[in-house]
Amino acid sequence: MSDVSSLLPASVLRNLSDKLYEKRKTAAFEVEGVVRQLTAAGDHERIAAVINVLTNDFARSPQANHRKGGLIGLAAATVGLAGEAAQHLDHIVPPVLASLADQDSRVRYYACEALYNIAKVARGDFIVFFNDIFDALCKLSADSDNNVQNAAHLLDKLVKDIVTESDQFSIEEFIPLLRERMNVLNAFVRQFLVGWITVLDSVPEIDMLGFLPDFLDGLFNMLSDSSHEIRQQADSALSEFLQEIKNSPSVDYGRMAQILVLRASSQDEFTRLTAITWINEFVKLGGEQLFPYYADILGSILPCISDKEEKIRVVAKETNEALRSIKAGSNAFNIAAVLELAKKELTSEWEATRLEALEWIYALLERHRTEVISHLDSIFPCLLQALADPSDKVVLLVLDIHACIAKDRQHFHQLMVFLVHRFRTDHSLLEKRGTLVIRRLCVLLDAKRVYKELATILEGEADLEFANTMVQALNLILLTASELADLRTLLKHSLSNSDGRNFFVDLYSTWCHSPMATISLCLLVQAYSHATSIIQSLEEEDVNVKFLVQLDKLVKLLETPIFTYLRLQLLDPGRYPALLKALNGLLMLLPQQSLAFKLLKTRLKTVPAYPLMQASPSTTSEFPGLSITRRTMSSNPYSQLISYSQSNEDGDENSDASDGGGNVDFQAKLQQFRGVQNQHREHLLSQRERLKFNQRGSLEPSQAVIKRFET
């Protein structure tokens, strides 16, 4: 100190610690002059002594005014050193940096001022302290004192200028500092960081794009900041980087893709839109680099397809189409992962997402059938579950996938078995979607093949109630669906066509589970005598409410174009007496007050009587009731028809055989029908006994049935 006192007068040292800034400033000029003289003389030892005094006695003093004086003195000494400052910076800069964190805001302010002046002198030599300076500036950007913030902002601008013109700056050492601070929430710090990213990216010699994955997530995080200015700055920086990516021949798409996938599910709309826009560009530019991330990218796209924001939906759909259009080998990406993701999205609450998930399964099935089939056990239950989807579009697409899978014989059988099981366990599915499912499969997989397979499976069904319900559903579809017109045509000529006859036989065994379905089938194939025999074989317990409901439907169907041929045959009752008898049998089963009874009765009244009047006596032996008909014709033509029909009983069912059905053993079929119906009766009886009803059981007396049906 005694050595320094000869260089720095006591008045200078005293003024350095004065509370007035002007006196400290005057003393600083004195210090600058002294150091300048020593520099000119090359006396660096005594310069070091001056710096030591300014550091220990002032900058690190517990007195705030001393610290202020020490800071301005160190800055003045640096100015005095001028071009020789580099060799003393190791002793000048550290105490100033320490003062940037001082508790006194004025000390922090003067520390910024001092460091600014030191940096102006040192310039490139100042870079060695960059990491510490950057850390300090990051903290000062959020300082509670506005004056300190302003001073730090000026210092920050100067440091940026120095860095951009320096060839000693190390981006590799800077990136870890940047990465550590990117998730800070303070708005001022975020502005500070974005500013540095933008400045460094503008320097041609600095490759910020190569380090983009290290701070990309932080930039996306800023897009949801409450400050509009910060959002704009972050968006501007991201837009600039995206443009650079488009123009760069080498980009690390993989690391960034993982970040984008996470950000695409952000709660913030702007963040989601930006992320999905980036993903869209990556899909177009990334090519094979993105194959390992196929599933992850798809996982981010599918939910966005149903986003509430239209812009996001549009970009997501475009990205999805672009991703699906990429032709990749099965070894290029993880098919199992993509299937698993698509399976997961089948449970999405949004229809558009579920549809796209199915489109992916279908596309993979067409391109990589073997690999997809190998994972069938994983996705098949979900595809069956999707048949209950509330959206018809989803169900139709699921059926397309099922049909594509079922091209192989074993998978076709598996589909039918699983489908029957699904209907068995979920009766509401059969009720709501059964018709749609069966009709679509008939279009996609050949109606005859579908019906034969279902009939084979249901023939041995243990659940008799379900078998009855299922057969009724299949029968109604067979009679009404436009897609099955060719099948109905085949059955109409089954008694004269071997192919149709075999198909009729295949269906018959299963159709026996439902009396009304069996009768309908017989009317369709024109086996009228056999239909009559089935009607006559019915017992009291067979005629329940369900039966009458089905009979009501059949009567109404008889008036539709499907049964036009049958109604036209009524014009020639002499040729089709069994048809009259069958229809009269149905009429006898209907309650007289029901609409179906009146409808069928009206139809039978229109049957012409002239074929009966023109019959010759020689035909009496063939139609023994003809004479009776002649006697009663004038009084009641309708009774004549009934009498005529009843007079032509052919219990041996020769009329069906004469129409070409000689190869069908209808007597055996009738026994088969009775056997199946006995099983149903025994099942219902055992069910009644098991439940031990104390009141009226499920099989009601016929009068109660009729009353309920009429109601």
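Reader: Which residue has a backbone oxygen 3.0 Å from a polar atom of the side chain of Ser 17?
Author: In this predicted model, Ser 17 sits in the loop between helix H2 (10–16) and helix H3 (21–41). A polar atom of the Ser 17 side chain lies 3.0 Å from a backbone oxygen, and that oxygen belongs to Arg 14.

Reader: Which residues is Ser 17 in contact with, leaving aside its neighbours within four places in sequence?
Author: Arg 14, whose backbone oxygen is 3.0 Å from the Ser 17 side chain, is set aside here as a neighbour within four places. Once such neighbours are excluded, the contacts of Ser 17 are Phe 58, Asn 65 and His 66.

Reader: How much of residues 92–127 is helix?
Author: An unreviewed UniProt entry places the feature "repeat: HEAT" at residues 92–127. In the model the end C-alpha atoms of this stretch are 14 Å apart. Strand accounts for 0% of the stretch, and helix for 72%.

Reader: Which helix gives the largest share of the lining of the second largest pocket?
Author: The second largest pocket has a volume of about 400 Å³. It is lined by 17 residues, with Leu 430, Glu 431, Thr 469, Gln 472 and Ala 473 closest to its centre. Helix H24 (427–445), helix H26 (464–480) and helix H31 (545–557) each supply at least two lining residues. The largest share is seven residues, and it comes from H26.

Reader: How many residues of each class line the largest cavity?
Author: The largest cavity holds about 70 Å³ of space. H26, helix H29 (515–525) and H31 each give at least two residues to its lining. Among the lining residues are Gln 472, Met 516 and Lys 553. By class, the lining has six nonpolar, four polar and one charged residues.

Reader: Which helix supplies the largest share of the lining of the second largest cavity?
Author: About 50 Å³ of space lies in this cavity. Of its ten lining residues, Tyr 294, Ile 326, Phe 333, Arg 367 and His 368 lie nearest the centre. Helix H17 (310–325) and helix H19 (351–367) each supply at least two residues of the lining. The largest share, three residues, comes from H19.

Reader: Over which residues is the pLDDT below 50, with eleven contacts beyond near neighbours in sequence?
Author: The mean pLDDT of the protein is 87, and 88% of its residues reach 70 or more. Residues 657–661 stay under 50 and have ten contacts beyond four places in sequence. The stretch with eleven such contacts and pLDDT below 50 is residues 693–702.

Terms used
Residues numbered from 1 in each chain as written. Predicted model: local features only at pLDDT ≥ 70, side-chain atom pairs only at ≥ 80, totals over all residues. Heavy atoms only, no water. UniProt positions renumbered as here; feature names shortened; annotations may be inferred. Helix = DSSP H or I, 4+ residues; strand = E, 2+ residues; numbered from the N terminus. Polar contact = N/O pair within 3.5 Å; in protein donor to acceptor, adjacent residues only side chain to side chain. Contact = heavy atoms within 4.5 Å. 1 Å grid on protein atoms, 1.4 Å probe; cavity = no way out; pocket = protein on both sides within 12 Å on 5 of 7 lines; lining within 4 Å. Points joined across faces, edges and corners; volume = space filled by probe spheres on them. pLDDT = per-residue confidence, 0-100. Nonpolar A, V, L, I, M, F, W, Y, C, P; charged D, E, K, R; others polar.
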